[in-house]
Amino acid sequence: MIKTFTLAWLQVTLICLNTWQIANTHYIGALIVGFLISLIWTMNVGRVALSSWHTKLIYSFGAMCGTGTGLFLAQAIYQ
């Protein structure tokens, strides 16, 4: 379960950071983070798609935490 949480957290952290980069035209960062999002996604898709509700809830909680982390990182890096 820790791996499921961590991968969801990492993926959504990167998505939030990437959204900030795109909105503020940070091209190089957006390209690099976009690549990392896709790489993490390939590790997540099979793990969650056919999983139990418990695993889906763990994944969703990781994603929620990743949203906060991504917002914090974007502010810390670019402001």
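Is Cys16 buried or exposed? Cys16 counts as buried, at 16% relative accessibility. The legends below describe views of a predicted model.

**Figure 1. Overall view of the protein chain, which has three helices and zero strands.** Read along the sequence, the pattern is α-α-α. The C-alpha trace spans about 40 × 20 × 15 Å along its principal axes. The protein chain has 79 residues, and buried residues make up 33% of them. Of the contacts with a separation of 6 or more, 73% are accounted for by residues 24 or more positions apart.

**Figure 2. Close-up of the two cysteines, Cys16 and Cys65, neither of which is in a disulfide.** A search of the whole structure finds zero disulfides. For Cys16, the nearest cysteine sulfur is that of Cys65, 12 Å away. A disulfide requires the two sulfur atoms to be within 2.5 Å, so the 12 Å between Cys16 and Cys65 rules out a bond in this model. The surroundings of the two residues are described by their accessibility: Cys16 is buried at 16%, whereas Cys65 is partly exposed at 26%. The cut-off for buried is under 20% relative accessible area, which is why Cys16 at 16% falls into that class and Cys65 at 26% does not.

**Figure 3. Close-up of the contact between helices H1 and H2, whose axes come within 9 Å.** The axes of H1 and H2 cross at roughly 150 degrees. Angles over 145 degrees count as roughly antiparallel, and H1 and H2 are therefore roughly antiparallel to each other. The crossing is left-handed. On the H1 side, the residues making the contact include Lys3, Thr4, Leu7, Gln11, Leu14, Asn18 and Gln21. On the H2 side, they include Gly29, Ala30, Val33, Ile37, Trp41, Asn44 and Arg47.

**Figure 4. Close-up of the largest nonpolar core, which has seven residues.** Its members are Leu7, Leu14, Leu17, Val33, Ile37, Ile40 and Ala74. H1 and helix H2 (27-49) are the elements that give two or more residues to this core. Leu14 is in contact with Val33, Leu36, Ile37 and Ile40, leaving aside its neighbours within four places in sequence. As background, nonpolar side chains tend to be buried together in soluble globular proteins.

**Figure 5. Close-up of Thr4, a buried residue in helix H1 (residues 2-23).** The relative accessible area of Thr4 is 4%. Not counting residues up to four places away in sequence, Thr4 touches Arg47, Val48, Thr55, Ile58 and Tyr59. Two of these partners, Arg47 and Val48, are among the H2 residues that make the contact with H1.

**Figure 6. Close-up of Gln21, a residue found in helix H1.** Gln21 is buried, with a relative accessible area of 3%. Beyond residues up to four places away in sequence, Gln21 touches His26, Gly29, Ala30, Val33 and Tyr78. Gln21 and Ala74 are 53 residues apart in sequence, yet their C-alpha atoms are 7.8 Å apart in space. Ala74 is one of the residues of the largest nonpolar core.

**Figure 7. Close-up of Thr25, which lies in the loop between H1 and H2.** Thr25 is not a glycine, but has a positive phi of about 50 degrees. Most residues other than glycine have a negative phi.

Technical notes: Residues numbered from 1 in each chain as written. Predicted model: local features only at pLDDT ≥ 70, side-chain atom pairs only at ≥ 80, totals over all residues. Heavy atoms only, no water. Helix = DSSP H or I, 4+ residues; strand = E, 2+ residues; numbered from the N terminus. Buried < 20%, exposed > 50% of the residue type's maximum accessible area, 1.4 Å probe, protein only. Contact = heavy atoms within 4.5 Å. Core = buried A, V, L, I, M, F, W, Y, C linked by side-chain atoms within 4.5 Å. Axes fitted to C-alpha atoms, helices over the stretch in contact; angles between N-to-C directions. Parallel < 35°, antiparallel > 145°, perpendicular 65-115°, else oblique. Left-handed = near helix turned anticlockwise from the far one by under 90°.
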